[in-house]
Structures are given as C-alpha cells and as structure tokens.
Amino acid sequence: MRKIVRSPGSATIINAIATGFGSAFGIGLDIVCEAKTTDNSITCSNDVGADNSLMEICVDKVFDYYNINKDEFGIDLKTKSTLPMASGLSSSSASSNAIVKITSSIICEEFDLNPLGDLEIINMAIDASLDAGVTITGSFDDATASYFGGVVVTDNKNREFIIKEKMDEHPILIYMPNFYSKSGDSNPDRMRLLAPLVETAFDFAKQRNYFKALNLNGLIYSATLGFDSTIAVDALQAGAIASGLSGTGSSFVAVVDDNSVDSVEEAWGKYEGRVIKTNVDNTGCILLE
C-alpha cells in the first residue's frame with residue numbers, strides 16, 4: 001500500500017510563548033510525505049538532512065495507539081520539503097501532522113480500524129513534537145493552521161480555538177537569512193517579560209485585525225530575540241500590508257498585494273539571504289493519493 005500526504009507550513013500572527021495564546025495562518029510552502037507498507041520495521045528519511053527523531057516518535061505513537069506489532073507490520077516514510085527548516089515557519093508542525101495522518105490512514109485501511117479524527121491527529125502530532133523537544137508551547141496555533149489551512153486564533157494551553165476561518169488570499173513573501181533559529185532552543189523566560197505587550201497584540205487578533213496583530217507581534221519578538229526589526233519596517237515602507245518575525249525566527253514574513261510584491265522583494269534584496277514567494281494556504285493537510 002502506498003499513500004501521499006501534503007501538509008503546509010504556517011506563518012505567525014501572534015507567537016504564543018509569552019502568554020499561551022497564539023495565532024497563525026497557513027502558507028503555500030509544504031512538506032509532502034510518501035509512505036509504503038513493509039513486512040516489518042519502521043524506516044524514516046527526509047530530503048533536508050534533518051534528524052528523523054520527530055518522524056519516528058510520530059509513527060511510534062500511532063502504532064502504540066492502535067496496538068500494532070512492529071515485528072509483524074512496518075512502514076517506510078519519506079518526506080520532501082519546500083519549507084525552510086528551523087526558520088519559524090512551522091516545519092515541525094507540518095511534518096508531525098503529515099506523519100501522523102499518513103501513518104494512521106495506512107494502518108486503518110490495512111487493519112480495517114476506525115480512523116483518527118482531525119483533532120486526534122493534531123493532538124497526537126503535538127504530543128510527538130513536545131516529546132521530541134522541537135516546540136516550547138506545543139504550538140497548537142501552528143499545528144492547526146498547518147492542518148486546516150486558513151487563519152486560527154487559539155488558546156494553546158488548553159488546545160482550544162477562539163477563531164478558525166479562511167483567510168483572504170494574498171501573495172506572501174518570506175525573507176530567509178543565512179542562519180537558522182530552533183524554537184526549542186529559545187529562552188521562554190525572556191519572551192514572557194513582554195507578555196503585557198503581546199496581550200495587546202493578541203487583542204487585535206481576537207478582533208480579526210490580523211495584520212495589526214502581526215505587525216506589533218513582530219516588533220515585540222524581534223526586540224526580545226535580538227532580530228533586526230528594520231527588515232519588517234522596510235517591507236512596510238515598500239508597501240507591504242503587514243510584516244513581522246515569524247515564530248522565534250529567523251524568517252520574516254510579509255503579506256503583500258499585486259501592487260507591492262515587487263517593491264517589497266526589492267527592498268529585501270539588500271539583505272543577505274533569500275526571498276521566497278508563496279501564498280496564503282486555505283487547504284491544509286490533505287491526502288493526495
């Protein structure tokens with residue numbers, strides 16, 4: 001049996017580390033996972049040279065949930081990614097969503113078992129990410145924006161939605177500097193110092209003023225984490241609708257329109273690194289084959 005799942009990344013509106021409340025939206029960059037059944041054993045590989053621990057933990061959790069004996073049934077998983085790793089674009093959430101979804105789908109079809117619900121998949125993927133140490137908060141906002149697409153506003157501590165809806169279609173530009181920043185390595189105590197300011201930004205998100213929230217959140221976390229907020233300001237000056245740091249960096253995201261996309265790309269061209277063009281994703285994590 002062979003299946004393929006596609007799972008998009010997401011960009012930050014509100015980083016949840018300071019307060020436990022977050023917001024994110026799906027983007028067109030993604031991870032595609034292909035899985036095939038084998039006689040026994042679990043094998044995982046990826047095309048970006050990342051550690052396979054998260055993939056293996058995701059598979060183990062699904063096998064344990066369904067009480068599948070690895071000596072009698074196996075699976076081979078391979079992922080291909082257009083998402084920059086360790087960049088604040090939810091590559092871990094996209095990967096864990098894809099792995100849990102595809103593994104559970106194969107097991108259910110092979111053994112005629114009841115499939116996991118969407119939130120069961122998401123929660124299992126989050127638990128795997130926490131076990132792997134690739135997230136601080138569990139990233140319910142990132143995980144659900146990746147899984148469902150569109151925009152979400154969430155209570156990460158209780159893994160509950162405040163808002164979940166489609167997002168207006170916009171071109172998205174991402175500035176990727178020549179270095180990475182793993183969210184699991186960040187200092188949460190330092191970020192929580194600015195919780196009152198993040199709460200103000202979160203109020204904008206709850207009112208669906210997503211772009212104001214994104215701008216303010218980006219400035220706050222850039223200052224806290226030592227990133228150059230001029231990058232976002234340059235995008236705004238060039239006509240971006242909104243711009244800010246995504247996650248704990250190192251990427252910056254800009255929401256643009258057809259009139260500003262070229263000027264924002266040119267403004268970011270003076271920085272070392274690369275600029276990636278993508279779009280808002282409202283589709284989410286889906287089975288392709």
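How many of the residues of helix H4 (residues 140–148) are buried? In this predicted model, nine of its nine residues are buried, and helix H4 is thus mostly covered. The points below describe the surroundings of helix H4, the setting of Lys 3 in strand S1, and the nonpolar cores, the largest of which has 52 residues.

**Helix H4**
- The buried residues of helix H4 run from Phe 140, Asp 141 and Asp 142 through Ala 143, Thr 144 and Ala 145 to Ser 146, Tyr 147 and Phe 148.
- Among the strands against which these buried residues pack are S1 (2–14), S2 (21–38), S5 (151–155) and S6 (160–165).
- Helices H2 (91–111) and H3 (118–132) also pack against the buried residues of H4.
- Gly 149, just after H4, takes a positive phi of about 75°.

**Lys 3**
- Lys 3 belongs to strand S1, an element against which buried residues of H4 pack.
- Lys 3 counts as buried because its relative accessible area is 9%, under the 20% cut-off.
- The side chains of Lys 3 and Glu 109 are joined by a polar contact of 2.7 Å.
- Beyond four places away in sequence, the residues that Lys 3 touches include Cys 33, Glu 34, Ala 35, Ile 102, Leu 287 and Glu 289.

**Nonpolar cores**
- Within the largest nonpolar core, the residues with the most contacts are Phe 25, Ile 174, Val 264 and Trp 268.
- Another core, of 34 residues, lies apart from the largest one and has Val 5, Val 62, Ala 98 and Ala 143 among its members.
- Ala 143 is also one of the buried residues of H4.

Key:
Residues are numbered from 1 along each chain as its sequence is written. This is a predicted model: local features need pLDDT of at least 70, side-chain atom pairs count only at pLDDT 80 or more; totals for chains, interfaces and linings use all residues. Side-chain values use heavy atoms; hydrogens and water are left out. Buried means under 20% relative accessible area, exposed over 50%, partly exposed in between (1.4 Å probe, protein chains only). Helices (H or I, at least four residues) and strands (E, at least two) are DSSP runs, numbered from the N terminus. Contact means heavy atoms within 4.5 Å. A polar contact is a pair of N or O atoms within 3.5 Å; within protein, one must be able to donate a hydrogen and the other to accept it, and residues adjacent in sequence count only if both atoms are side-chain atoms. A nonpolar core is a set of buried Ala, Val, Leu, Ile, Met, Phe, Trp, Tyr and Cys residues joined through side-chain atoms within 4.5 Å.
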